[in-house]
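Student: Could you take one part of this structure and go through it slowly with me? I would like to understand how the aromatic rings are arranged and what surrounds them.

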Amino acid sequence: MGTRSIKVKIVKETSSTVTIKFLSLNRKMPVPRKEFEQRVEDGTYEVINPTVSEDKD
């Protein structure tokens, strides 16, 4: 199967959520960190900028 991944850019990270920007849609969306990490591992998301400073909660 040749499924394509969605290209995303990390906008903001906290201890519980990751806010991502969909490059193709130009939309931002907060995602729970656990879900985000699972989607990256599964290949659903392709992270363009993997290094972003973390905010404190």
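**The aromatic cluster and its surroundings**

Tutor: Of the 57 residues in the protein chain, 23% count as buried, and the part you ask about belongs to that buried portion, since Phe 22, with a relative accessible area of 10%, is buried. Please keep in mind throughout that this is a predicted model.

Let us begin with the overall layout. The protein chain contains one helix and four strands, and when it is read along the sequence these elements follow the pattern β-β-β-α-β.

Now to the rings themselves. A pair of aromatic rings is described by the distance of the centres and the angle of the planes. Searching the whole structure gives two aromatic pairs. In one of them, the ring centres of Phe 22 and Tyr 45 are 6.1 Å apart and the planes stand at 75 degrees, so this pair is edge-to-face, because an angle over 60 degrees counts as such. Phe 22 lies in strand β2 (residues 17-22), whereas Tyr 45 lies in strand β4 (residues 45-47), so the pair ties together parts that are 23 residues apart in sequence. In the other pair, the rings of Phe 36 and Tyr 45 have centres 6.0 Å apart and planes at 40 degrees, so this pair is tilted. Through these ring pairs, Phe 22, Phe 36 and Tyr 45 are linked into a cluster.

How covered are these residues? Tyr 45 has a relative accessible area of 5% and is therefore buried, because the cut-off for buried is under 20%. Phe 36 is buried as well as Tyr 45. Leaving aside neighbours within four places in sequence, Tyr 45 is in contact with Ser 5, Ile 6, Val 8, Ile 20, Phe 22, Met 29, Val 31, Phe 36, Arg 39 and Val 40.

The three ring residues also belong to a wider group, for the largest nonpolar core has eight residues, namely Val 8, Ile 10, Val 18, Ile 20, Phe 22, Val 31, Phe 36 and Tyr 45. The elements that give two or more residues to this core are β1 (6-13) and β2, and the largest share, three residues, comes from β2.

It helps to see how β2 is held on either side by strand pairing. β1 and β2 pair in the antiparallel sense over five bridges, and they form a hairpin with three residues between them. Within this pairing, the bridge partner of Val 8 in β2 is Phe 22, which is also one of the ring residues in the cluster. β2 and strand β3 (residues 27-32) likewise pair in the antiparallel sense, over six bridges, and here the bridge partner of Val 18 in β3 is Val 31. β2 and β3 form a hairpin with four residues between them, and Asn 26 in the turn has a positive phi of about 55 degrees.

One further residue of β2 deserves a look, namely Thr 19. With a relative accessibility of 18%, Thr 19 counts as buried. Apart from its neighbours within four places in sequence, Thr 19 is in contact with Lys 9, Ile 10, Val 11, Lys 12, Lys 28, Met 29 and Pro 30.

Finally, we can step back to the whole chain. Among contacts between residues at least 6 apart in sequence, 37% join residues at least 24 apart. The accessible surface of the protein chain comes to about 4,500 Å², and 49% of that surface belongs to carbon and sulfur atoms.

How values were computed: Residues are numbered from 1 along each chain as its sequence is written. This is a predicted model: local features need pLDDT of at least 70, side-chain atom pairs count only at pLDDT 80 or more; totals for chains, interfaces and linings use all residues. Side-chain values use heavy atoms; hydrogens and water are left out. Rings of Phe, Tyr and Trp (its six-membered ring) pair if their centres lie within 6.5 Å; planes under 30 degrees apart count as stacked, over 60 as edge-to-face and the rest as tilted. Buried means under 20% relative accessible area, exposed over 50%, partly exposed in between (1.4 Å probe, protein chains only). Contact means heavy atoms within 4.5 Å. Accessible areas come from the Shrake-Rupley method with a 1.4 Å probe; for residues, only the protein chains shown count as cover. A nonpolar core is a set of buried Ala, Val, Leu, Ile, Met, Phe, Trp, Tyr and Cys residues joined through side-chain atoms within 4.5 Å. Two strands pair if DSSP finds at least two bridges between them.
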